[in-house]
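Trainee: I should like to learn how statements about a structure are justified. May we go through one together?
Mentor: Certainly; let us set the values beside the definitions.

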Amino acid sequence: MREPVPVGVLISGRGSNLKALIDAEQDAYRIVLVASNVEEPPGLAHARDAGIATFARGHRGMAREAFDRLIDDELRAHGVRAVALAGYMRLLSPWFVDRWAGRMVNIHPSLLPRHKGLHTHEAALAAGDARHGCTVHLVTAALDDGPALAQAEVPVLPGDTPETLAARVLVEEHRLYPPTLAALVETL
Ligand code: GRF
């Protein structure tokens, strides 16, 4: 059997998708580094609990590409071969996107190409969508625009608020992300 592919995960916040990636069977991939643009994001605890190396540093005062080069140095130092964005709330430089082209995925809480950007649950409700969900996609230069690798749908129910809808979608995010990442790294 192949060795698991070393993966780096980038987070900025709570890290529930990171936790799902850690908890999944890591046969195809192994998370070897969790990096953040925030000094102490809550999600870092999941990495520490699992004994995964971390790199966390505020990006303030640094040019976008200079910061991304720091992250890239860490990823390379840990032998990372694929990157998973999991609630990483900083736009990436074209240099970084290009360097990881075809090897970097993101999870987005909508059925792309609908509702790119932030506040997707509010947007789905405002649009009167009957279905909502999440997408794992390859990262390209344009925000939330790369080719979709997998999607999961949920119904929008009468009386839904952004919070109830977000919670329903999040369950699907946690189911969708690990097998989709595993399938991608198997192609590398
Ligand atoms: C998720 O909804 C993800 O789809 C979006 O940001 C949120 C991150 O949540 N990109 P968490 O940090 O994984 O809990």
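**The pocket and its ligand**

Mentor: In this predicted model, the largest pocket has a volume of about 1,100 Å³.

Trainee: Which residues line the largest pocket, and which of them lie nearest its centre?
Mentor: The lining consists of 44 residues, and Gly87, Tyr88, Met89, Pro109 and Leu118 are those nearest the centre. Two or more lining residues come from each of helix 1 (16–23), helix 4 (94–99), strand 5 (104–108), helix 5 (120–126), strand 6 (131–138) and helix 6 (162–186). Helix 6 gives the largest share, six residues.

Trainee: How is the lining of the largest pocket divided into nonpolar, polar and charged residues?
Mentor: There are 22 nonpolar, 15 polar and seven charged residues in this lining. Glycine counts as polar in this scheme.

Trainee: Where does the ligand sit?
Mentor: The ligand sits in the largest pocket. The term "sits" applies because more than half of the atoms of a molecule must lie within 2 Å of the pocket's grid points.

Trainee: Which residues are around the ligand?
Mentor: They are Arg14, Gly15, Ser16, Asn17, Gly87, Ile107, His108, Pro109 and Glu173. To be included, a residue needs a heavy atom within 4 Å. Helix 1 and strand 5 each contribute at least two residues to this shell. By type, the shell has two nonpolar, five polar and two charged residues.

Trainee: What makes the approach of Ser16 to the ligand a polar contact?
Mentor: An N or O atom in the side chain of Ser16 is 2.5 Å from an oxygen atom of the ligand. The cut-off for such a pair is 3.5 Å, so this one qualifies. For Glu173, a polar side-chain atom lies 2.7 Å from a ligand oxygen atom, and for Gly15 a backbone N or O atom lies 2.8 Å from one; both pairs therefore meet the cut-off as well.

Trainee: How much of the ligand's accessible area does the protein cover?
Mentor: On its own the ligand has 360 Å² of accessible area, and the protein covers 85% of it.

Trainee: What is notable about the backbone at Pro113 and His115?
Mentor: The peptide bond from Leu112 to Pro113 is cis, with omega near 10 degrees. His115 has a positive phi of about 55 degrees, although it is not a glycine. Pro113 lies in the loop between strand 5 and helix 5, and His115 lies in the loop between strand 5 and helix 5 too.

Key: Residues are numbered from 1 along each chain as its sequence is written. This is a predicted model: local features need pLDDT of at least 70, side-chain atom pairs count only at pLDDT 80 or more; totals for chains, interfaces and linings use all residues. Side-chain values use heavy atoms; hydrogens and water are left out. On a 1 Å grid over the protein atoms alone, a cavity is a set of points where a 1.4 Å probe fits but cannot get out, and a pocket is an open set with protein on both sides within 12 Å along at least five of seven lines; lining residues have an atom within 4 Å of a point. Grid points are joined across faces, edges and corners, and a volume is the space filled by probe spheres set on the points. Helices (H or I, at least four residues) and strands (E, at least two) are DSSP runs, numbered from the N terminus. A polar contact is a pair of N or O atoms within 3.5 Å; within protein, one must be able to donate a hydrogen and the other to accept it, and residues adjacent in sequence count only if both atoms are side-chain atoms. Accessible areas come from the Shrake-Rupley method with a 1.4 Å probe; for residues, only the protein chains shown count as cover.
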